[in-house]
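Q: Could you walk me through reading a structure like the one below? I'd like to get the general idea of each feature and then the case at hand.

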Amino acid sequence: MAKLKPLGYKVVVERTQAVEKTAGGIVIPDTAKEKPEQGKVVAVGKDVEEIKVGDVIVFGNFAATEIKVDGKEYLVVRQKEVLAIIS
């Protein structure tokens, strides 16, 4: 994470894994998986309040910008788009 530093009121999130199977045991193909709008915070901008590294957050459906760093996917979310912190 040393190469990615969010600015201002932004947080960098690592998306949680999508559900692989239904409750009945049916395997969901990658193309049909719904990406969760939650993830673990891996970096915060200097102006972010209340959110810290390690928090699991929920954010709006179209609130994140996807980026890749060293082959790994991350999301950049503005603090005002964060809906809740899961504890």
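A: Happily, and let's begin with one residue and its surroundings. This is a predicted model, and apart from neighbours within four places in sequence, Glu14 is in contact with Gly39, Lys40, Val42, Lys72 and Tyr74.

Q: Where does Glu14 sit in the secondary structure?

A: Glu14 belongs to strand 1, which covers residues 10-15.

Q: How far apart are Glu14 and Tyr74 in sequence and in space?

A: Sequence distance and spatial distance are two separate readings. Along the chain, 60 residues separate Glu14 and Tyr74, while their C-alpha atoms lie 5.1 Å apart.

Q: What joins the side chains of Glu14 and Lys72?

A: A polar contact does, at 2.6 Å.

Q: Is Glu14 buried, exposed or partly exposed?

A: Here a cut-off helps: buried means under 20% relative accessible area, and exposed means over 50%. Glu14 counts as partly exposed because its relative accessible area is 25%.

Q: How does Asp55 read on that scale, buried or exposed?

A: Asp55 is buried, because its relative accessible area is 11%. As for its place in the chain, Asp55 lies in the loop between strand 2 (38-44) and strand 3 (56-59).

Q: Which residues is Asp55 in contact with?

A: Leaving out neighbours within four places in sequence, the partners of Asp55 are Gly39, Lys40, Val41, Glu50 and Ile85. Gly39 and Lys40 also appear among the contacts of Glu14. In addition, the Asp55 side chain reaches the backbone nitrogen of Lys52 at 2.9 Å.

Q: Now for the whole chain: how many helices and strands are there?

A: The protein chain has 0 helices and 6 strands, so reading from the N terminus gives β-β-β-β-β-β.

Q: What share of the residues is buried?

A: Of the 87 residues in the protein chain, 29% are buried. The accessible surface is about 6,200 Å², with 53% of that belonging to carbon and sulfur atoms.

Q: What share of contacts joins residues at least 24 apart?

A: Counting contacts between residues at least 6 apart in sequence, the share that joins residues at least 24 apart is 55%.

Q: Which strands have the lowest and highest confidence?

A: Where pLDDT is low, the predicted coordinates should not be read in detail. In this chain the mean pLDDT is 83, and 76% of residues reach 70 or more. Confidence is lowest in strand 4 (residues 64-69), with a mean of 91, and highest in strand 2, at 94.

Technical notes: Residues are numbered from 1 along each chain as its sequence is written. This is a predicted model: local features need pLDDT of at least 70, side-chain atom pairs count only at pLDDT 80 or more; totals for chains, interfaces and linings use all residues. Side-chain values use heavy atoms; hydrogens and water are left out. Helices (H or I, at least four residues) and strands (E, at least two) are DSSP runs, numbered from the N terminus. Buried means under 20% relative accessible area, exposed over 50%, partly exposed in between (1.4 Å probe, protein chains only). Contact means heavy atoms within 4.5 Å. Accessible areas come from the Shrake-Rupley method with a 1.4 Å probe; for residues, only the protein chains shown count as cover. A polar contact is a pair of N or O atoms within 3.5 Å; within protein, one must be able to donate a hydrogen and the other to accept it, and residues adjacent in sequence count only if both atoms are side-chain atoms. pLDDT is the predictor's confidence in each residue, from 0 to 100.
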